[in-house]
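Open the model in a viewer with the cartoon on and side chains ready to be shown. The stops below go from one selection to the next.

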Amino acid sequence: MLKPESVKQAIDYRQIIDVLMADDRFADLVLYGGNVVNVITKEIYTADIAVKGDYIALVGDCESLIGEKTTVVDVRGKYLTPGFIDSHMHFESAMLTITEFSKLSIPTGTTTLMADPHEIGNALGSVAMKAMADECNHVPNYVRLQVPALTPDAPKLETAGVEVNSKDMEDLLNYPNINGIGELQGFSLAKHVYKHTPEIIDDLLASTTYAKSIGKPVDGNAPELFGAELAAHIVACGGNCSCHETTTKAECIEKIRQGVYVFMREGSTQRNMAECIKAVTEEGLDSRRLILVSDDMVPTDLETAGHMNDLIRRTIREGVDPVEAIQMATINPATYWGFKDRGALLPGKVADIAVIDDLNEMTVAAVFIKGKLMASQGKMVVEIPSYTYPDTVKNSVKIKHVTEADLEINADGSTATVRYIQAIPDQNLTGTGEAQTTVNRGIVQPDLSQDLVYLGCMERYGHHGSIGKCMVKGFGLKQGAVAQSIAHDTHNITYIGANLKDIAIAINRVAEIGGGLVLVNNGRVVDELALPVGGLMTDEMTGSEVGQKVADLENMFKTQLGGSLHAPFMHLSFLALSTSPEWKITDQGLVDVNNFEVLDPVVR
């Protein structure tokens with residue numbers, strides 16, 4: 001028996017055939033005289049596009065399909081491309097609901113979003129991921145989720161709010177709008193997982209083989225993996241996977257050769273495309289397995305620079321042919337995901353179309369979704385109602401009152417050698433180091449002359465309240481503190497500060513507002529952003545409002561706290577990513593990712 005959606009498509013297709021073959025049936029919409037970007041043949045030519053219902057009826061001469069009620073849009077001199085696909089992103093990183101993110105994204109030409117909700121999945125588990133999947137029904141663009149097979153990613157090194165594993169997969173993968181398994185971070189550190197926690201491999205295989213058995217894809221996550229380790233990761237994913245953690249040309253070449261789809265990440269703070277694309281521009285490799293993704297973006301970037309159109313623009317500037325760059329955000333991802341009705345401007349495909357003024361600059365004049373005009377000149381022309389999340393995914397911060405004593409790093413003597421994490425701009429990789437600093441009454445002190453300040457991560461879900469502590473360089477902080485309920489991927493409370501008093505005030509305030517981001521200076525909260533949904537997102541503000549608030553907070557970070565690192569809150573959140581080299585901070589302590597162990601913050 002056909003599913004209801006298949007019956008509807010059959011009816012729609014019959015109407016298209018009638019338009020094409022009958023003398024008295026006509027298209028609903030004709031885009032007249034545009035320069036069609038054909039991502040199949042990699043060419044550009046002048047043609048019309050006729051639309052009936054949700055679908056493209058004809059690309060070519062559509063004069064005979066125009067009737068009295070047909071809407072004709074003159075697009076002569078403009079370029080027509082398929083709607084763009086972002087194949088890997090996180091709504092939580094933008095701190096926005098799907099609805100508010102979509103309002104900013106659609107006007108830039110992005111019509112399909114493949115999101116990984118492992119952030120809120122780590123915080124609240126299946127109930128939160130299902131709540132996000134439900135929201136997908138409330139937006140006009142095509143949004144689907146790839147859920148985590150495992151939370152936390154490194155069970156012995158960090159604490160999640162809820163543990164997710166293979167026992168949850170049948171329920172999750174058969175839930176509406178959930179498309180498959182997201183980034184397989186549990187086996188990113190292949191060698192160490194095999195040696196120290198081999199039981200994880202068995203559990204992941206149970207999840208991935210089930211996903212493949214019902215025809216659903218599995219995303220990989222293989223930073224700095226080569227040879228046998230990369231091969232083991234690919235097999236764990238089911239023999240066909242992606243990787244969005246590729247940071248060098250050599251890695252990109254290795255992965256393409258092994259059949260991996262390389263998701264070239266180009267977000268707000270992690271930018272790897274320029275290095276990965278050298279596999280094409282310098283080595284001449286085929287680009288069919290290269291896909292552009294944003295991963296993590298802040299709202300201000302969506303508003304000021306764009307979304308996938310900006311990623312395509314940046315790729316063109318690296319010397320890539322415009323049509324080839326567009327393929328990396330249309331037909332390439334459509335092929336990876338198995339989208340038979342998206343990714344190209346062809347008869348029978350969904351009429352998701354971007355109208356472009358300048359192909360090199362990727363300026364978007366208009367956006368159609370299912371043949372309906374959604375945005376014009378960078379603005380939505382249809383109203384998308386706001387969306388409110390249920391209380392079941394709120395009030396997720398459950399910590400006891402924190403004191404300065406809880407945050408101390410202790411050492412003997414008057415000086416100590418401490419280990420520190422070095423933040424690297426625009427990367428989630430980190431550097432490492434050791435530094436001499438003073439000790440006052442047994443408490444390790446920051447040294448602002450060395451840019452050496454406190455860094456920590458506190459478990460926030462009411463399990464045990466453990467706090468990992470160390471030092472960090474790279475933020476340029478001169479005074480005050482920042483605390484936030486954002487810490488990839490378990491999303492405990494991370495903090496950075498020049499003194500323990502301000503840090504304690506910031507952490508306690510994060511709890512008081514139910515999760516969010518707080519800046520403190522001289523014992524006073526100077527600014528904050530409440531994130532009530534899982535401690536990660538807000539459903540109480542528009543995307544523009546969140547973007548402006550984050551911009552204000554970043555300005556406060558510079559002017560009030562003396563910080564210098566751009567997008568500091570996103571950089572801070574990635575200092576807790578336990579699957580990305582080299583050292584990271586979790587609630588369990590300073591983690592040596594490469595050697596799968598917790599280090600003492602003080603060199604004994």
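Which residue of strand 18 stands opposite Val418? Select Val418 and look across to strand 18: the residue opposite is Ala435. Bear in mind that this is a predicted model.

**Strands 17, 18, 20 and 21**

Extend the selection to strand 17 (residues 415-423) and strand 18 (residues 430-440). The two pair in the antiparallel sense over 9 bridges. They form a hairpin with 6 residues between them, and in the turn Asp426 has a positive phi of about 65°.

Next, add strand 21 (residues 467-473). Strand 17 runs parallel to strand 21, and 3 bridges join them. Two places to check in strand 21 are Met471, opposite Tyr420, and Lys473, opposite Gln422. Then add strand 20 (residues 453-458), which is antiparallel to strand 21 and joined to it by 6 bridges. Met471 turns up again here, as the bridge partner of Tyr454. Strand 21 is mostly covered, with 5 of its 7 residues buried.

**Domains 1 and 2**

Colour the chain by domain: domain 1 covers 4-77, domain 2 covers 90-339 and domain 3 covers 394-599. The centres of domain 1 and domain 2, taken over C-alpha atoms, are 33 Å apart. Between these two domains, 7 residues of domain 1 are in contact with 7 residues of domain 2. About 530 Å² is buried between them, and carbon and sulfur atoms give 76% of that area. Select Val37, Val39 and Lys42: they supply 84% of the area that domain 1 buries against domain 2, more than any other three residues.

How many salt bridges does the rule find across the interface of domain 1 and domain 2? There is 1. For another selection, show the side chains of Lys42 and Glu324, which meet in a salt bridge at 3.5 Å, N to O.

**The sheet of strands 6 to 9**

Now select strands 6, 7, 8 and 9. These 4 strands form an open sheet in the order 6-7-8-9, with parallel pairing. Strand 6 and strand 9 (178-181) are the edge strands, each pairing on one side only. From one strand to the next the twist averages 20°. At the strand 9 side, strand 8 (residues 142-147) pairs with strand 9 over 3 bridges in the parallel sense; Val147 stands opposite Ile181 there.

**Helix 14**

Is helix 14 largely enclosed or open? Of the 10 residues in helix 14 (residues 308-317), 9 are buried, so the helix is largely enclosed by the rest of the structure. The buried residues are Met308, Asn309, Asp310, Leu311, Ile312, Arg313, Arg314, Thr315 and Ile316. To see what covers them, show elements including strand 6 (84-89), strand 7 (110-115), helix 11 (273-276), strand 12 (290-293), helix 15 (322-327) and strand 14 (363-369). After the helix comes Gly319, with a positive phi near 100°.

**Salt bridges**

The structure holds 28 salt bridges. Start with Glu245 and Arg265, whose side chains meet at 2.9 Å, N to O. Glu245 is in the loop between strand 10 (242-243) and helix 10 (249-257), and Arg265 is in strand 11 (residues 261-265), so this pair ties together parts that are 20 residues apart in sequence. Both Glu245 and Arg265 are buried.

Move to Glu266 and Arg314, a salt bridge of 3.1 Å, N to O. This pair links distant parts of the chain, 48 residues apart: Glu266 sits in the loop between strand 11 and helix 11, and Arg314 in helix 14. Both Glu266 and Arg314 are buried.

A further pair is Lys394 and Asp539, meeting at 3.0 Å, N to O. Lys394 lies in the loop between strand 16 (379-380) and strand 17, and Asp539 in the loop between strand 25 (524-530) and helix 18 (543-559), 145 residues apart. Lys394 counts as buried at 16% relative accessibility, as does Asp539 at 13%. Finally, select Glu266, Asp310, Arg313 and Arg314 together: salt bridges that share partners join them into one network.

**Last stop: Ser573**

Select Ser573 in helix 19 (residues 568-574). Its relative accessibility is 1%, so Ser573 counts as buried. Leaving aside neighbours within four places in sequence, Ser573 is in contact with Gln484, Ile486, Ala487 and His488.

Key
Residues are numbered from 1 along each chain as its sequence is written. This is a predicted model: local features need pLDDT of at least 70, side-chain atom pairs count only at pLDDT 80 or more; totals for chains, interfaces and linings use all residues. Side-chain values use heavy atoms; hydrogens and water are left out. Buried means under 20% relative accessible area, exposed over 50%, partly exposed in between (1.4 Å probe, protein chains only). Contact means heavy atoms within 4.5 Å. Two strands pair if DSSP finds at least two bridges between them. Axes are lines fitted to C-alpha atoms, for helices over the stretch in contact, and angles run from 0 to 180 degrees between N-to-C directions. Domain bounds come from an automatic or database domain assignment. Buried area is the accessible area (1.4 Å probe) that two parts lose on being put together, summed over both. A salt bridge is a side-chain nitrogen of Lys or Arg within 4 Å of a carboxyl oxygen of Asp or Glu.
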